[in-house]
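This report describes a protein structure for a reader at the bench. Please look at the sequence and the model before reading on.

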Amino acid sequence: MSLRSIIQDMKGEFGSISRKGFEVKLGYGFRSRSHRVVQEDLGLRVNAFKQSCWANMPPELLRDVLMRIEEADSMWPSRKNVVACGGVCRNWREITKEIVNTPEVSGKLTFPISLKQPGPRDSVVQCFIMRNRGTQTYHLYLSLTQALSDNGKFLLAARKFRRPTCTDYIISLDADDMSKGSGTYIGKLRSNFLGTKFTVYDAQPPHSGARITKSRSTRLVGLKQVSPRVPAGNYPVAHISYELNVLGSRGPRRMQCVMDAAPGYTVGPGDMAPAQTELPVSNLDSVPSFPFFRSKSARTDSFRSGPLATRNEGMLVLRNKAPRWHEQLQCWCLNFRGRVTVASVKNFQLVASPEGGPAGPEHEKVLLQFGKVGKDLFTMDFQYPISAFQAFAICLSSFDTKIACE
């Protein structure tokens with residue numbers, strides 16, 4: 001029996017509980033059937049599963065089968081079999097979670113939580129971003145081949161929302177539902193009025209002890225939200241600053257990124273960066289109530305006064321690698337190793353900034369690079385200790401208009 005038939009058989013016996021047993025809208029309760037009817041139907045289907053042949057499979061044999069699947073399906077799209085195995089039932093899910101390593105160790109993006117975890121140490125995750133000017137949306141894809149553009153594996157999506165005093169980029173796991181009230185909302189990027197400073201917010205605490213930042217209001221962003229309570233918070237994980245160009249001199253942008261969620265020592269060998277282990281399911285009933293509107297006096301400014309350098313103590317600081325002037329081409333150049341083909345002010349490479357001492361080899365390694373390859377096509381390559389979510393948010397800041405920088 002093939003793997004596909006096994007999974008389909010399992011879904012037919014047990015996985016249909018969530019599809020046929022009841023209709024659910026994530027975070028907003030039942031729509032058509034009563035809770036009692038759902039409970040009875042669920043119990044009947046669980047009893048049917050217990051009587052099937054899959055319930056009697058020895059755990060050792062099941063673990064061996066899942067390990068073979070995980071090792072064989074090393075790349076997408078075949079890696080969707082690993083995800084399918086994790087969605088069969090609770091036993092399969094727990095074993096699959098134990099077998100699948102984090103991107104830092106395996107270099108693979110498997111489950112949605114992988115997008116919040118640091119990238120691999122010894123390799124680079126190659127992605128690309130497609131921009132839609134008409135809808136003001138940006139889609140992040142994982143590159144499946146060495147070509148500069150292919151079909152790719154969809155990872156994240158973002159939509160630009162202009163405010164009177166700032167600009168928000170809402171980041172979601174769903175390309176069709178990019179509202180803050182959605183269960184697929186995972187974070188956002190917010191800029192100041194000039195587009196020179198940005199803050200990356202995570203919807204969930206990036207590590208234990210993370211402090212939430214109060215938003216300006218908890219107004220509805222999406223039409224699907226039916227409660228003034230927001231199922232996610234605002235946890236700052238990075239601050240991005242672009243150097244002002246008051247004199248209007250020609251040259252590349254200068255940027256600095258302070259990673260609030262990553263200590264400065266994480267770039268050294270043997271050091272570990274904090275990482276999330278799971279994406280909690282949105283549950284409006286478990287979230288405390290917030291006032292629908294707040295007065296101006298209760299608002300907090302996301303961009304605190306003073307330069308970024310005064311509040312980056314103990315945190316990982318990234319700076320853009322300075323390009324060199326090419327006399328023959330009469331332009332600024334950086335070595336993107338063939339991943340960037342079009343000259344643009346948006347192109348950049350980020351390296352770790354030394355903390356007071358001389359720069360070592362770890363400070364020359366490019367941790368994130370972003371560049372243009374087409375009219376609305378850009379490449380994005382990242383590695384440890386940056387996650388795909390953080391890298392995507394930092395690259396979105398390069399798209400925003402910067403009044404005082406150019």
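The text below goes from the whole chain to strands, a helix, aromatic rings and backbone geometry.

This is a predicted model, in which local features need pLDDT of at least 70 and side-chain atom pairs count only at pLDDT 80 or more, while totals for chains, interfaces and linings use all residues. Residues are numbered from 1 along each chain as its sequence is written, and side-chain values use heavy atoms, with hydrogens and water left out.

## Overall

The protein has 7 helices and 16 strands; helices (H or I, at least four residues) and strands (E, at least two) are DSSP runs, numbered from the N terminus. Of its 406 residues, 47% count as buried. Here buried means under 20% relative accessible area, exposed over 50%, and partly exposed in between, with a 1.4 Å probe and protein chains only. The protein exposes about 21,500 Å², and carbon and sulfur atoms supply 53% of that area; the areas come from the Shrake-Rupley method with a 1.4 Å probe, and for residues only the protein chains shown count as cover. Among contacts (heavy atoms within 4.5 Å) between residues at least 6 apart in sequence, 61% join residues at least 24 apart.

## Strands β7, β8 and β9

Strand β8 (residues 197-202) is mostly covered, with 5 of its 6 residues buried. Strand β7 (residues 185-191) runs antiparallel to β8 and is joined to it by 5 bridges; two strands pair if DSSP finds at least two bridges between them. The two form a hairpin with 5 residues between them, and G195 in the turn has a positive phi of about 75°. β8 also pairs with strand β9 (residues 235-242), in the antiparallel sense over 6 bridges, and T199 stands opposite H239 in β9.

On the β7 side, K188 has Y201 in β8 as its bridge partner. The side chains of these partners also meet: the charged end of K188 sits over the ring of Y201, 5.4 Å from its centre. A charge sits over a ring if NZ of Lys or CZ of Arg is within 6 Å of the ring centre and within 35 degrees of the ring normal. K153 has its charged end over the ring of W76, 4.2 Å from the centre.

## Helix α5 and residue E70

Which residues of helix α5 (residues 90-99) are buried? They are W92, I95, T96 and I99. Seen down the axis of α5, these buried residues fall within an arc of 100°, so they line one face of the helix; the arc is that of the directions from the helix axis to the C-beta atoms. R90 and E98, on the other side of α5, are exposed.

I99 is also one of the contacts of E70, which, leaving aside neighbours within four places in sequence, touches R79, V82, I99, V100 and K108. E70 lies in helix α3 (residues 59-72) and counts as buried at 10% relative accessibility. Its C-alpha atom is 6.0 Å from that of V82, 12 residues apart along the chain.

## Aromatic rings

The structure holds 9 aromatic pairs. Rings of Phe, Tyr and Trp (its six-membered ring) pair if their centres lie within 6.5 Å; planes under 30 degrees apart count as stacked, over 60 as edge-to-face and the rest as tilted. Y141 and F154 form an edge-to-face pair, 5.9 Å centre to centre with 70° between the planes. This pair links distant parts of the chain, with Y141 in strand β4 (residues 137-142) and F154 in strand β5 (residues 153-162), 13 residues apart. Y141 is buried at 16% relative accessible area, whereas F154 is partly exposed at 24%.

The rings of F370 and F378 have centres 5.4 Å apart and planes at 10°, so this pair is stacked. Both F370 and F378 are buried. They belong to one aromatic cluster with Y138, Y169, F348 and F399.

## Backbone geometry

Most residues other than glycine have a negative phi, and most peptide bonds are trans. The table lists some departures from this pattern.

| Site | Feature | Value | Place |
|---|---|---|---|
| W76 to P77 | cis peptide bond | omega near 10° | P77: loop between α3 and α4 (80-86) |
| Y384 to P385 | cis peptide bond | omega about 5° | P385: loop between β16 (377-382) and α7 (388-399) |
| Q136 | positive phi | near 60° | loop between β3 (125-132) and β4 |
| R337 | positive phi | about 55° | loop between β13 (331-333) and β14 (348-352) |

Q136 is partly exposed, with a relative accessible area of 28%, and R337 is exposed at 72%.
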